[in-house]
Amino acid sequence: MIFRMFRMTRDKRKERSATRTVAGWVGCALVAGGALFGAAAGLPGASAGSPGTEQAGIAAKGVKHLPADVPNADVRSESFRVVQSGAAQAAGSDFAETIGVPKAWRLLQRDVEGTIAIVDTGVDLKHPELAPYLTEGVNLVNERKPPQDDNGHGTAVAGIIARFAEAGRSESAKASWNMKIMPVKALDRNGSGDETKLIRGIRYAVDHGADIVVLSLGLQRDIPEMREAAAYAESKGVLLVAASGNDAEQYGEKAAVSYPAAYPTVLAVAGTDGKRHESASTAGPEVDLSAVWRVEALQPGGGVTAMEGTSMAAPQVAGVAAMLRAAHPDWTPARIRETLRRTAQDIGAKGWDRETGYGLVRADAALAADDAEDWREPNDAKGTASVFPVGSEISAAWSGRADNDWYAVDVPYSGTLEIAFESEAARASSSLRLYPADSAKAVAPGVSGVSAMQWPVAKGTYYLLASPSDPADSLRRYRMVSGFRMAPDAMEPNGSMLTAYTLPPRSQRWTGTFHEKGDEDWTVVDLPKPGTLKIKASTDTTRIDLAVTVQKAGKSPQERDVNGNGDGEELTIPNAEGKYYINIRNAISGKPEPVIGTYTVDLEYIIPNEDPNEPNDSALTATPLVLNAKEARKGLFGTKGDVDWYEFEVRERSVVRLQLDQLPDAASVTMKLTDKKLSPIGTWSNRDGTSSIRAERVTEPGTYYVALAADGAYRDSFYRLAVQSEPASSIYLDAAGHWAEQQIAAVSKAGWMSGYVDGTFRPNRQLTRAEATAIAVRAFKPEESRKAASRFADLNKGNWAYGAIVQADSAGWLDWASGRKFEPDRFITRAEAVVLFARAAGLAEPSSPKRPFADLPPNHFAAAAAEALVQKGWLSGFPDGTFRPDRPVSRAEWAALMARLL
C-alpha cells in the first residue's frame, strides 16, 4: 500500500497510488490496554503481537501524509514555501508562547530524558539546530543509507521538538532538555511510502527505546497490523501522538480522522489558531487535543519555512507530553493522555467537541496540575453527564461504593455499541447500564461480560451509568474504551450474486453499509423494456472509496472506480434491457475492515415515454423522493385513473414545499399530501388549467406520501415533482394551517410585518395603533415628515414608533385620532384600521357613503373608508351583515388586508 503526503490541490481524480480509506470497529476492538495502572495492562481481546501475514494480500492503496501547506494531495519538497524569518513569524504566532511552553519550563523540576521518535521523511542530520539532539535512527526506504531527510517534512516536525529544547535554555528554566530525537525514515523524497514501512517504523521506534512516537501522517483505513502496532506500543509504555488530518476543507463533514490517530490509545491532534478550530483540520469523535496549526518550521540545509497543518500540531503535543513525563516518570501513557486532556484550554464548545477535542494543549497547565483522580466530577446524574465520544477512552475513579458516574454517548448510526472496562484492582468489577436519552428503561445488552459489554443501539444519544459493583468503599480508578460496529443494512444478506437483493424495475434509492470485513453488496434488477440505466453511488465518509460494478446476466462486467475516498462514482448503460447485477464495494483494499459510515445509491431507469417510477400506484410501492434534490423527479400520467405515489422522510420539524410543474395542457391534476398513516394533510389542484401546483406545510419528523392524480391519460409529456424543505424555525410555526397563512407569508416576504424571536407570528394577537401605523408606513412609504414634533402629547421621541406615527399623521392618515392623545399602545379597532388603510392607499372615499354594513351608519367616521374598501373587493363583513367597528384588529386580519396590495 502506498501512502503520501499532500499538497494544495482541488483535483479529486484518483491517482492509483494515492490515498484510500476505511475504518472498522472504532474503539474496543482496535486497541490493546491503556496501561493505566501499570505497564502492559490491557483491555480484553487486544493483541500486541507481531504483524500478521494478511498484509501480503492487501492491494496497493494509499496512506496520506498530513501536509504542510494544505490538505488532500501529494506534498513534494518543492511545494514547501521558504520565507524570511520575520515573515514566517508574522504568518503565525509563536506556538511555544501560545501553548505555555516557557512558563512550563519554570515549573519543571526534573530534566527531560528519553527519546522521541519521528516516523516521517527522515531528518536533516547535519542541521545545526537539530544535530545536538539526534540519536541513531533508521532508513526503512533504503536501509543502506542513513535517515537523511530528502523532502523536508520530517525536518520541520523535528524542528518543533527542538523548539521545546531551545525554550529550556532560558535562565528561568530549572531543568534541561536531554531528550533525543530518533529519525525513522518511512517516506521517500516525494513524501510517499507504504503501510508496511509505516508499521515497521512504529515497531522499530518501540523496540529501540523510544518513549514517544510522533506520527504526522495517516491513512483513512483501519489495518489490523497497524492496530497491533499501536497496541504493541501501548503495552511497552510508549506514547503515540498522531495528526488528525487536514481534509475538512475539501470534504466537510465527510472528512474522518486518519489512522493511527483514530485509535483510542493514540493522541489525536487537530489544528487551531489558538482561539478557535482551523476550518481545514479534520474533526471527529476521536480528536483528543488541538495545537497551533501554522508555525515557523526548520527546513533542510538551514532557513525556515511557514508551514501549516495537523502535521505541525502533533509534535507540539508530543513535546508537552515529554515535559509531563519528565515531571512524572512513573506515569503510564494512559495517565499522560488523560492529564493532557484534563488540562487543555477549552476553546470550542464547552467541554469536549469534535473540532478541538478537549481543547488547546497547555504545557504550563499540565505541569502545574495536581494528580486529580476524577476530574469529570460532578457527573453523578444524567444532567451532568460527561461526554464519552465513540472510539475514545475515559479514565476516571470512584470515590466509594455509592459513587455513580454518568456519561453521554452520541451514537452515529444504528449498530452495536461496546464498552470495554478495566480497573486498577484485580478483582474490582463494575456495573454498566445504558439508557436511551428519552427513557428510564435500560437497554438490554447483547453481550455481557466482566471486561466488556455490547448493546444494540439506534442512532441518537445514550447515557451510560458506570457504578462499582464490589463492596469496597475506597478510591478506585478505572478506564473504559468505547467502540462501535455498524448494523447490517436492510438488504443483507447480499454478499454474492447468488444472494443478490431483488430490486423493482424502476428508479429508486437505497442506503447500505459495509458492516463486516470484506463486505460487498449485490442487487439485481430485471428491466422489462429497453431504456437507460444510470447508477450513481455516494458516501458520507472519507473512510469509503466506492467502486460500482454492473454486469448483465451472461455478459462481462462494467466497473467504475476512478475517484478517491469520500467521492462518488457514476455509471451509465444505454439500451439496457434484461437482468442486471449491481455490485457496490469499498475499493480501499482487497478485503477491507468494517467501516463506520454509509453509502447511498441512486438508480435511474429511463424509458422513453414511459413512467420511470412505475409501479408506484400505492403507498406500498411509492417512489422515494430526495429532499432538496438538484433535479426534480419526472413522472407520467400513463393511463386514465393512474395515481402516482411518492414518499419522503423528514428528519426534523420542517417547512416542506411541494412543487409540481410542467403539467400537461388542459389536464386537471390533484396533489394530496398524507402522513405515514395515510391521514390527509392537504389537497391541492391546478386552477384554470395552470401548469403547476405549489403547496407548503410544516411537518414533524416522519414519513410522508404525495399522491398525484389526473383526469385522464397524458403520455406526451412528463411532469416534474420536487420537494424542498428547511427547518421550521425559519418561518412562523403557528401560521401553518391558519386561514391567513398565505397572506402572512406574503407580507413577511415583502418586509412589512415580521414575527417574534421564538419563531412565531402570533396571528390572533391584537394589534396596537402604533404597530398598525408602523406597518402601514413600511408598506405605503409616505413622504418624509417636515414636522418638528408630534401633535400628540402622549407621544415622545423615545417611543419606538415615533417617526412612523409623525410621518403618517403628516400624510393625513390619522385625522381620525382627534385631540391631543394618540394612545399608541391602545388596540386599534376595525373602524380605525379601515380609515388608516384607505387613507394610506389613497382610495377615493365617497362624500355621501351608503350604509355598507348594518352596524355602520353613513355618519360614522369610518363609513366612507369602509365603502371604498368594499368597492375594491378588499373588505367584507360578518355573515350576519355586521362590521363590528369597535372590535380590535388581529395581526392576521391586518396582514390579510395589507396583502391585498401584493
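**Local backbone features, a buried aspartate and a pocket**

In this predicted model, Gln662 is found in the loop that runs between strand 35 and strand 36 (669–675). The backbone of Gln662 adopts a positive phi of about 55°, although the residue is not a glycine. With a relative accessibility of 47%, Gln662 counts as partly exposed, because the limit above which a residue is called exposed is 50%. Ala666 is likewise placed in the loop between strand 35 and strand 36, and Ala666 too has a positive phi, of about 70°, without being a glycine. The relative accessible area of Ala666 is 67%, and this residue is therefore classed as exposed.

Two cis peptide bonds are described here. A cis bond with an omega of about 0° joins Glu377 and Pro378, and Pro378 has its place in the loop that connects helix 10 (363–368) with strand 16 (386–387). Glu614 and Pro615 are also joined by a cis peptide bond, again with omega at about 0°, and Pro615 is found in the loop between strand 31 (599–606) and strand 32 (623–624).

Glu614 is also one of the residues touched by Asp642, an aspartate that lies in the loop between strand 33 (633–637) and strand 34 (643–650). Asp642 is buried and yet has no salt bridge, the nearest side chain of opposite charge being that of Arg715, at 7.5 Å. A polar partner is instead provided by the backbone, in that the side chain of Asp642 reaches the backbone nitrogen of Gly638 at 3.3 Å. When residues up to four places away in sequence are not counted, the contacts of Asp642 comprise Glu614, Asp617, Leu636, Phe637, Leu708, Ala709 and Ala710.

The second largest pocket holds about 530 Å³ of space. Its lining is made up of 17 residues, of which Trp684, Arg694, Ala695, Glu696 and Gln742 are the closest to the centre of the pocket. The elements that give two or more residues to this lining are strand 35 (654–661), strand 37 (680–685), strand 38 (693–699) and helix 11 (741–750). Among these contributors, strand 38 gives the most, with 5 residues. Strand 35 thus links two parts of this description, since this strand contributes to the pocket lining and also borders the loop in which Gln662 is found.

Key: Residues are numbered from 1 along each chain as its sequence is written. This is a predicted model: local features need pLDDT of at least 70, side-chain atom pairs count only at pLDDT 80 or more; totals for chains, interfaces and linings use all residues. Side-chain values use heavy atoms; hydrogens and water are left out. Helices (H or I, at least four residues) and strands (E, at least two) are DSSP runs, numbered from the N terminus. Buried means under 20% relative accessible area, exposed over 50%, partly exposed in between (1.4 Å probe, protein chains only). Lys and Arg count as positive and Asp and Glu as negative; His and the chain ends are not counted. A salt bridge is a side-chain nitrogen of Lys or Arg within 4 Å of a carboxyl oxygen of Asp or Glu. A polar contact is a pair of N or O atoms within 3.5 Å; within protein, one must be able to donate a hydrogen and the other to accept it, and residues adjacent in sequence count only if both atoms are side-chain atoms. Contact means heavy atoms within 4.5 Å. On a 1 Å grid over the protein atoms alone, a cavity is a set of points where a 1.4 Å probe fits but cannot get out, and a pocket is an open set with protein on both sides within 12 Å along at least five of seven lines; lining residues have an atom within 4 Å of a point. Grid points are joined across faces, edges and corners, and a volume is the space filled by probe spheres set on the points.
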